[in-house]
Amino acid sequence: MKIDIISVVPALLESPFAHSIMKRAKDKGLLEVNCINLRDHTTYARAQVDDYQFGGGAGMVMMIEPLVNAIESLQKDTRYDEVIFLTPDGETFNQQMANQLSLNKNLLLICGHYKGIDQRLRDHFITKEISIGDYVLSGGELAAAVLVDAIGRLLPGVLNDETSALTDSFQDNLLAPPVYTRPVEFRTWKVPDILLSGNHARIEEWRHEQAIKHTEERRPNLLSKEE
Ligand code: ADE
């Protein structure tokens, strides 16, 4: 999969994909992430990409021209399955959306800044608007990094069996059960006996019960969601 990201602060996107699982995905050739500096696509003086909003009001707005220049220059080489704008008023991101997006070949992410982007870009170029939660970040870059990470780890071959995405929280509308590792006893706190029993069928049953209990306690709304 290829994910291109248009940003005014591409440096913010250097580290998130340079380590751990995202690095492995890139090294294995399963995920390509390219960051495009919006300022390289403006024809305005001093690399300007934003301007005052018509009608007055606080906050600058990202201009349509540099964004369209950037998008159309990328589209010369790539047919994007989705052009996604990261914005707090978008659809709230969740695991189902990550699963769905991971099936695509090429994605283009656009990071907003300032007061937002000119509405005409949203009307004519953007195919999906996504928020990572009900809070406002200072730009879309961290949200883009969240999307790339959540999507990238689902690509076949990125995770090994031990870290299989199928047992993650949310994959079946359940939160993951508790996990333990050595030592068997720390201070007076013991690992549940069942996990040491070697009885895999009973262990799976216990994990499922724990997942339901954990979900009932923390996120009961997930239990009423359709599978
Ligand atoms: N840009 C600013 N805040 C955001 C959010 N919560 N989600 C996605 N993009 C954003």
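Which residues does Ser 131 touch, not counting residues up to four places away in sequence? Let's find out, keeping in mind that this is a predicted model.

## A buried serine

Ser 131 touches Thr 87, Pro 88, Gly 90, Glu 91, Thr 92 and Phe 93, once residues up to four places away in sequence are set aside. You will find Ser 131 in strand β7, which covers residues 128–131. With a relative accessible area of 1%, Ser 131 is buried, because the cut-off for that word is under 20%.

## Two domains

Now step back to the whole chain. The domain assignment gives domain 1 (2–152) and domain 2 (167–226). Taken over C-alpha atoms, the centres of these two domains are separated by 36 Å.

## Two pockets

The largest pocket holds about 380 Å³ of space. Its lining is made of 15 residues, and those closest to the centre are Thr 167, Ala 176, Pro 177, Glu 204 and Arg 207. Sorted by class, this lining has 8 nonpolar, 3 polar and 4 charged residues.

The second largest pocket holds about 300 Å³. Here 22 residues form the lining, with Leu 86, Thr 87, Pro 88, Val 136 and Leu 137 closest to the centre. Two elements, β5 (82–92) and β7, give two or more residues each to this lining. The largest share, 5 residues, comes from β5. By class, the lining of the second largest pocket has 10 nonpolar, 9 polar and 3 charged residues. You have met Thr 87 and Pro 88 before: both are among the residues that Ser 131 touches.

## Two helix residues

Is Gln 95 buried or exposed? Gln 95 is found in helix α3 (residues 95–101), and its relative accessible area of 15% makes it buried. Leaving out residues up to four places away in sequence, Gln 95 touches Leu 154, Ser 169, Phe 170 and Gln 171.

Asp 123 sits in helix α4 (residues 119–124). Asp 123 is partly exposed, at 48% relative accessible area. From Asp 123 to Ser 73 there are 50 residues in sequence, while the C-alpha atoms of the two are 19 Å apart in space.

## An aromatic pair

A pair of aromatic rings is described by the distance of the centres and the angle of the planes. Searching the whole structure turns up 1 aromatic pair. Its members are Phe 186 and Trp 189, whose ring centres are 5.8 Å apart and whose planes meet at 45°, a tilted arrangement. Phe 186 is partly exposed, with a relative accessible area of 43%, whereas Trp 189 counts as exposed at 53%.

## Backbone surprises

Most residues other than glycine have a negative phi, and most peptide bonds are trans. Where can you look for departures from this pattern? One is Tyr 114, a residue other than glycine with a positive phi near 60°. Tyr 114 belongs to the loop between β6 (106–111) and α4, and it is partly exposed with a relative accessible area of 40%.

Arg 187 also has a positive phi, near 55°. This residue lies in the loop between β8 and β9 (189–190). Arg 187 is exposed, with a relative accessible area of 63%.

The peptide bond that joins Arg 182 and Pro 183 is cis, with omega about 5°. To find Pro 183, look in the loop between α5 (141–152) and β8 (185–186).

Key: Residues are numbered from 1 along each chain as its sequence is written. This is a predicted model: local features need pLDDT of at least 70, side-chain atom pairs count only at pLDDT 80 or more; totals for chains, interfaces and linings use all residues. Side-chain values use heavy atoms; hydrogens and water are left out. Rings of Phe, Tyr and Trp (its six-membered ring) pair if their centres lie within 6.5 Å; planes under 30 degrees apart count as stacked, over 60 as edge-to-face and the rest as tilted. Buried means under 20% relative accessible area, exposed over 50%, partly exposed in between (1.4 Å probe, protein chains only). Helices (H or I, at least four residues) and strands (E, at least two) are DSSP runs, numbered from the N terminus. Contact means heavy atoms within 4.5 Å. Domain bounds come from an automatic or database domain assignment. On a 1 Å grid over the protein atoms alone, a cavity is a set of points where a 1.4 Å probe fits but cannot get out, and a pocket is an open set with protein on both sides within 12 Å along at least five of seven lines; lining residues have an atom within 4 Å of a point. Grid points are joined across faces, edges and corners, and a volume is the space filled by probe spheres set on the points. Ala, Val, Leu, Ile, Met, Phe, Trp, Tyr, Cys and Pro count as nonpolar, Asp, Glu, Lys and Arg as charged, and the others, Gly among them, as polar.
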